[in-house]
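Let's take a walk through this model together, from its sheets to its cores and on to the parts that deserve some caution. Keep the structure open beside you as you read.

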Amino acid sequence: MKTRKILALILASLLIIGAVSVLAACGSSSKDTNADAAAQQPENTQQTGDETPQPTEPAQQTEVPETEAPGTEAPETEPPETDYPEPVIPDDYYYQLLEKNVPVKCDIDFDGLEDEITFVVENDEVYTVRIVLGSDPGNPYTDTFPEEDVYYGICFINDSDRYDGRMEVICSYEFSSDDVEARAYRVNEDGRTIECFAKYGYIEPIDDDGLIYARDGQFYVYCRTEIFGTNSVYNLFQITEDGFEEQGAAYYFNEYYDDDGTQIGVCAISDFTVILVDDNGDPQGEATVREGSDIYPVETDLESYAIVRLEDGSYARIDIELVDDWHPYINGQPQEELLSIIYAD
Ligand SMILES: [Ca+2]
Ligand SMILES: [Ca+2]
């Protein structure tokens, strides 16, 4: 009986233990899930609680641009609608047009320290280039264009030579009664001083939007000549250690067209002799430009000759002599005795 009782007790206690453990297990598991939920919920509420002031808003903000991004992509499909091709700017030639009064960070002397370049324009008439070198931040370089009545100015950062370990800041100004000047700033080898080069001429953009002034490190400088009348001619330039350096052997004349799309030439008012040339510029004999026919200026070295196209499409060289350093003579005569010449003031 005793052993039965003992066994029954053991059995009962085992059952109780089993039941308790089952209950405990259920309780603990439900507690755990509650705890998990509780643990999650506080986290969530904590997050949302924290999110209200901080994390949520940035998260939402970053999400909004993400949804906007496809929207901003849409304009990217618009450029092809324009008539002109997009200029190709190689990655290895740095180029940056400066907005007026907006500093641009750029390491222009390749010393690993960011420099700050600003095209400062005050009252739309006082133009200053301001360069703060990262190597000498307490000593900003400034150069204010000295001429008065400046009515137009542009400024860009350009890498003329990929291998010279620096870049240039280049400006073009137009001021009092159509006078012009281009300037270039270059950090010297010492990494501290900046040299300024000046050149007579102005720089024109190469794209229709007027945003790109240089390609492959080179840019067009335009200047005035009195050859065949007051004309605008241009040549490719880049900046070397000596300053502005011509890249082409000759200057090209700007071509002008009337409303019908016909090129405007210069009319001969007297017969005169020219030298026909082939594609290489080699002489091919003489020809006579007849009174009443037009010549179309093509190129000149600005001092001794010009190449022109004749009405029949052939090309001819006209030897030029500049008398008094400016007055063009052709075949020993002032050009206005042979051609209908228009001089600007
Ligand atoms: Ca630098
Ligand atoms: Ca360079």
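What is the strand order in the open sheet of 4 strands? The order is β2-β3-β4-β5, and the pairing is antiparallel. Before going further, a word on ground rules: this is a predicted model, in which local features need pLDDT of at least 70 and side-chain atom pairs count only at pLDDT 80 or more, while totals for chains, interfaces and linings use all residues. Residues are numbered from 1 along each chain as its sequence is written, and chains are lettered from A and ligands numbered from 1 in the order in which they are written.

As for the vocabulary, strands are DSSP E runs of at least two residues and helices are H or I runs of at least four, both numbered from the N terminus. Two strands pair if DSSP finds at least two bridges between them. By that count the protein has 2 helices and 22 strands.

Back to our sheet. Its edge strands are β2 (104–106) and β5 (141–144), each of which pairs on one side only. From one strand to the next the twist averages 20 degrees (axes are lines fitted to C-alpha atoms, for helices over the stretch in contact, and angles run from 0 to 180 degrees between N-to-C directions). Zoom in on β4 and β5 and you'll find 4 bridges joining these antiparallel strands; Ile131 has Tyr141 in β5 as its bridge partner.

Now for another open sheet, this one of 5 strands, in the order β1-β6-β7-β8-β9 and again with antiparallel pairing. At the edges stand β1 (95–97) and β9 (194–199); each has a single partner strand, so one side of each is left without a neighbour in the sheet. Here the twist averages 20 degrees from one strand to the next. β1 pairs with β6 over 3 bridges, in the antiparallel sense, and Gln96 finds its bridge partner, Ile157, in β6.

So what packs together around here? The largest nonpolar core has 32 residues, of which Cys155, Phe156 and Val169 touch the most other members. (A nonpolar core is a set of buried Ala, Val, Leu, Ile, Met, Phe, Trp, Tyr and Cys residues joined through C-beta atoms within 7 Å.) Strands that each supply at least two residues of this core include β3 (115–122), β4 (126–132), β6 (152–158), β7 (168–175) and β8 (179–187). Cys155 makes a good place to stop: setting aside neighbours within four places in sequence, Cys155 is in contact with Leu98, Phe119, Val129, Val169 and Cys171. Contact here means C-beta atoms, placed from the backbone, within 7 Å. Apart from this core lies another, of 15 residues, with Ile227, Phe228, Val266 and Ile320 among them.

Phe228 turns up again in the hairpin of β11 and β12, which has 5 residues between the strands; there Phe228 takes a positive phi near 65 degrees. The two strands run antiparallel, with 7 bridges between them, and Arg224 is matched with Ser232 in β12. β12 also joins β13 (residues 243–246) by 4 bridges, again antiparallel, in a hairpin with 2 residues for its connection. Across that pair, Phe237 stands opposite Glu246. Strand β14 (residues 251–253) is another antiparallel partner of β12, through 2 bridges, and Val233 has Phe253 as its bridge partner there.

Further along, look for Val289 in strand β17 (residues 283–289). Is Val289 buried or exposed? Val289 is buried, because 24 other C-beta atoms lie within 10 Å. (Buried takes 20 or more such atoms, exposed 12 or fewer, and partly exposed is in between, with C-beta atoms placed from the backbone.) Beyond four places in sequence, its contacts are Ala268, Asp271, Phe272, Val274, Ile295 and Leu310. Glu311 is 22 residues away along the chain, yet its C-alpha atom and that of Val289 are separated by 9.2 Å.

Finally, the caution. The mean pLDDT, the predictor's confidence in each residue from 0 to 100, is 81 for the protein, and 73% of residues reach 70 or more. Among the elements, β5 has the highest mean (98) and helix α2 (residues 56–76) the lowest (42). Over residues 14–76 the pLDDT is below 50, and that stretch has 4 contacts in the model beyond near neighbours in sequence. Where pLDDT is low, the predicted coordinates should not be read in detail.

Definitions and conventions. Contact = placed C-beta atoms within 7 Å.
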